[in-house]
Amino acid sequence: MGIVFDIQKFSVHDGPGIRTSVFLKGCNLSCIWCHNPESIKSKPQLAFESSLCIGCRECEARCENQAHDFTDGAHRIDFTRCTACGSCVKGCLAEALKIYGKEMSVSRVMDEIISDRIYYERSGGGVTFTGGEPTMQFDFLMELIGACRGEGIHVCVETNGILSDEKRRRLAETVDLFLIDYKATPSALHKELTGMGSEEVLKTLAFLEKMGRPVILRCPMIQGVNDSENHFAEIRRIRDTYTNIRQVEIMAYHSTGRKKWETLGIPYRLEQLESVAPEQKKRWEEMLRDQKEKQDSLEEQTQ
Ligand code: SF4
Ligand code: SF4
């Protein structure tokens, strides 16, 4: 059994073809821009959308832990008291309450995956395990991967790359394609923004290159936070160093995750930041493309 917080069908942004993306709960990082903050804690958790609340107080009546408070007419939740039992969610007709994360068996998840097999076959797609950091539920993940391989389904794993040697080895033996994040340069900034340095990410890239496993490098880009020339130079260096990197994707910051932080009762550090404009994303992509084209043409000239 594992804790899954979402299964998205017909995904076209998490690897090749049409895919089913399975989101596993739990993460070893806490990126300040995270747009899936419901993924960070390993256990199921309550979320409250205050704009939907009609003030009926049914939740207060149902909660054995006195987590709901209506002092001064305002509905507040003490999330530290909540055990995510779900009783108040069932009583909320306005659907202002929700539990993120539910326990699922490998076979239950596989039923969801296999039901879309025809789309994978026609599009060259498959399944992508993501999160959170899917390797936080390693045994569950490995069982799912094994079951997918048994069914002949292409497997991608999206990971932040901060893995033990054993996890690296076992994943490299069995995963078809890795989606790996590279988030900030230098390592000290990576640590400040995510909670850990980038050394293990580079170790993972080097190991996967040695094992001949293909990687798509994904770079979350947040204007004024990590979009330094230094960072772009490092992304280019990584792309040009590791021969197993098939593609580099810029993941431009969008502020849609902000609301989720609020519903979970967690302060959001990028409160004032707006989503990146499409033109800015294009400029970033051109910065990477320009450099690659320049290098290719330089190499052609020197051959
Ligand atoms: S049960 Fe739902 S609508 Fe009623 S007070 Fe609680 S959160 Fe608000
Ligand atoms: S999920 Fe359970 S413990 Fe949490 S607030 Fe609702 S009733 Fe109380």
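Arginine 168 is found in helix H6, which covers residues 165-172. This placement, like everything described here, comes from a predicted model. With a relative accessibility of 4%, arginine 168 counts as buried, because the buried class takes in residues under 20% relative accessible area. The side chain of arginine 168 reaches the backbone oxygen of leucine 163, at 3.0 Å. Leaving aside residues up to four places away in sequence, arginine 168 touches Gly161, Leu163, Glu200, Lys203, Thr204 and Phe207. Leucine 163 thus appears twice in this picture, once through its backbone oxygen and once in the list of residues touched.

A wider view of the chain comes next. It is divided into domain 1, made of 2-34 + 102-253 + 269-302, and domain 2, made of 45-100. Between the C-alpha centres of domain 1 and domain 2 there is a separation of 35 Å.

Aromatic rings offer another way to follow the fold, and the structure holds three aromatic pairs. One of them joins phenylalanine 10 and tyrosine 119 in an edge-to-face arrangement, with 4.8 Å centre to centre and 75° between the planes. Phenylalanine 10 belongs to strand S1 (residues 2-11) and tyrosine 119 to helix H4 (residues 117-123), so this pair ties together parts that are 109 residues apart in sequence. Both partners can be placed by their accessibility: phenylalanine 10 is partly exposed at a relative accessible area of 44%, and tyrosine 119 is likewise partly exposed at 35%.

Tryptophan 261 and tyrosine 268 form another aromatic pair, this one tilted, with 5.2 Å centre to centre and 40° between the planes. Here the relative accessibility is 8% for tryptophan 261, which counts as buried, and 9% for tyrosine 268, which counts as buried too.

Finally, the cysteines deserve a look. The structure holds zero disulfides. For cysteine 27, the nearest cysteine sulfur is that of cysteine 31, 6.3 Å away, and cysteine 27 is in no disulfide. The reason is one of distance, because a disulfide requires two cysteine sulfur atoms within 2.5 Å. As for accessibility, cysteine 27 counts as partly exposed at 22%, and cysteine 82 counts as partly exposed at 26%. Neither value falls in the buried class, because that class is reserved for residues under 20% relative accessible area.

Conventions. Residues numbered from 1 in each chain as written. Chains lettered and ligands numbered in written order. Predicted model: local features only at pLDDT ≥ 70, side-chain atom pairs only at ≥ 80, totals over all residues. Heavy atoms only, no water. Buried < 20%, exposed > 50% of the residue type's maximum accessible area, 1.4 Å probe, protein only. Domains from an automatic or database assignment. Helix = DSSP H or I, 4+ residues; strand = E, 2+ residues; numbered from the N terminus. Polar contact = N/O pair within 3.5 Å; in protein donor to acceptor, adjacent residues only side chain to side chain. Contact = heavy atoms within 4.5 Å. Phe/Tyr/Trp six-rings, centres within 6.5 Å; stacked < 30°, edge-to-face > 60°.
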